[in-house]
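Q: I'd like a close look at a single part of this model, please. Take your time and walk me through it.

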Amino acid sequence: MWFPMRKMNLIRWTGKPNQKIVHLNRKNAFFLKAFCYVILNVTWRKRKYSCIVTKVMGDMGEYIGIDIGGTKCAVSRGDERGKILARQSFLTLDREQTLQQIFENTESLWTDRVRTIGVSCGGPLDSEKGWILGPPNLPGWDQVPITELLRERFCVPAYLENDADACAVAEWRFGAGQGCDNMIFLTFGTGLGAGLILNGRLYKGACGMAGEVGHVRLFDGGHVGYKKEGSFEGYCSGGGIAQYGMGSAGELAKLAGEKNEQALEIWHRTGEYLGRLLAILVDVLNPDRIVIGSIYARAGQYMKDSMEQVLREEALAKSRRACQIVPAGLKEALGDVAALCVAMNLFA
């Protein structure tokens, strides 16, 4: 078997995270047998191909997904059907403590069937280089080469994607977005971002920053989100809702369930602001479906009426009628399945 490359890295599958890497030249590579190996990742580096090859075990592969959030993180192991086989979660602390927790939890979930690792994280980031670039909800996470750190430690390919993009692909492949060619996913968690499926493909933009709707200005001043006063993230996110001074979104939902008038009024206003954002997305992108995750999936009943009223008032009627607004279908498993989609590299 002939490999058209100057250098290869063969990972011998030992079933442990720190496998030995054997360096082969072109002459040695000739003796590798085609039926024993499958190429998982090829990258172009300084006019040389770096190729990682793993042994085919004859059964369904498994993947490690790492979901890094501003409040909590989770490490999960799953299969190519998106089924979660094992999971561990922990609070997001400072960068060094959180990275150590990620490494330890990944090692504890490891099996000899794991093929790749995927990381889902809020932007900004550089998914091509695998660098986290200082997300507003992760102070101190500047210039973190997360995929390189994981590759060096576990000796398998590692990938990084924006969490909104990862969730969009997860819902599109396995959740409420199935069957759509044009779908938008809104995170509505600690922060606010959008993942865009347009014409049956993930749209990432010129530099991978498409969908940063939380940074769009709603008011000249007011709540701060995405480091900007008056932004949509300052009002339609967990961080924004907390700025009303009545606790977290979960606590506010509990108060609304008890018919607290102030809590219900806050949810009513949040629905109005969300409706304005949805109207912009409907008019500009004309999607089949908008899927909203996290807080909307849990507390949408308190926002739905005011959201739909504004949407009717603001969006073009034909475009609005063509679009469904639905909560995330994967529910609490969404972040885990999204990270697994990154590991499976379902973003082409």
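Is Tyr 273 buried or exposed? And please tell me which ring pairs link Phe 219, Tyr 235 and Tyr 273 into a cluster.

A: Happy to, with the reminder that this is a predicted model. Tyr 273 is buried, because its relative accessible area is 9% and the cut-off for that class is under 20%.

Now to the rings. Five aromatic pairs are counted in the model. One of the pairs joins Phe 219 to Tyr 235 in an edge-to-face arrangement, with 5.3 Å from centre to centre and 80 degrees between the planes. Phe 219 sits in the loop between strand S14 (201-203) and strand S15 (224-225), while Tyr 235 belongs to the loop between strand S16 (228-229) and helix H5 (238-242), so this contact ties together parts that are 16 residues apart in sequence. The two partners can also be placed by accessibility: Phe 219 counts as partly exposed at 25%, and Tyr 235 counts as buried at 7%.

Phe 219 also pairs with Tyr 273: the ring centres are 5.4 Å apart and the planes stand at 85 degrees, so this pair is edge-to-face. Here the link reaches from the loop between S14 and S15 to helix H7 (residues 261-285), which holds Tyr 273, so parts that are 54 residues apart in sequence are tied together. Through such ring pairs, Phe 219, Tyr 235 and Tyr 273 become a cluster. Within that cluster, then, Phe 219 is partly exposed, whereas Tyr 235 is buried and so is Tyr 273.

For a companion example of a contact between separate elements, look at the salt bridge between the side chains of Arg 87 and Asp 336, at 2.5 Å from N to O. Arg 87 is in strand S7 (residues 84-91) and Asp 336 in helix H11 (residues 334-343), so the pair connects parts that are 249 residues apart in sequence. Arg 87 is partly exposed, with a relative accessible area of 39%, whereas Asp 336 counts as buried at 5%. The model has seven salt bridges by count. Among them is the one between Arg 81 and Asp 79, at 2.8 Å from N to O; there Arg 81 is exposed at 53% and Asp 79 is buried at 3%.

Key: Residues numbered from 1 in each chain as written. Predicted model: local features only at pLDDT ≥ 70, side-chain atom pairs only at ≥ 80, totals over all residues. Heavy atoms only, no water. Salt bridge = Lys/Arg side-chain N within 4 Å of Asp/Glu carboxyl O. Buried < 20%, exposed > 50% of the residue type's maximum accessible area, 1.4 Å probe, protein only. Helix = DSSP H or I, 4+ residues; strand = E, 2+ residues; numbered from the N terminus. Phe/Tyr/Trp six-rings, centres within 6.5 Å; stacked < 30°, edge-to-face > 60°.
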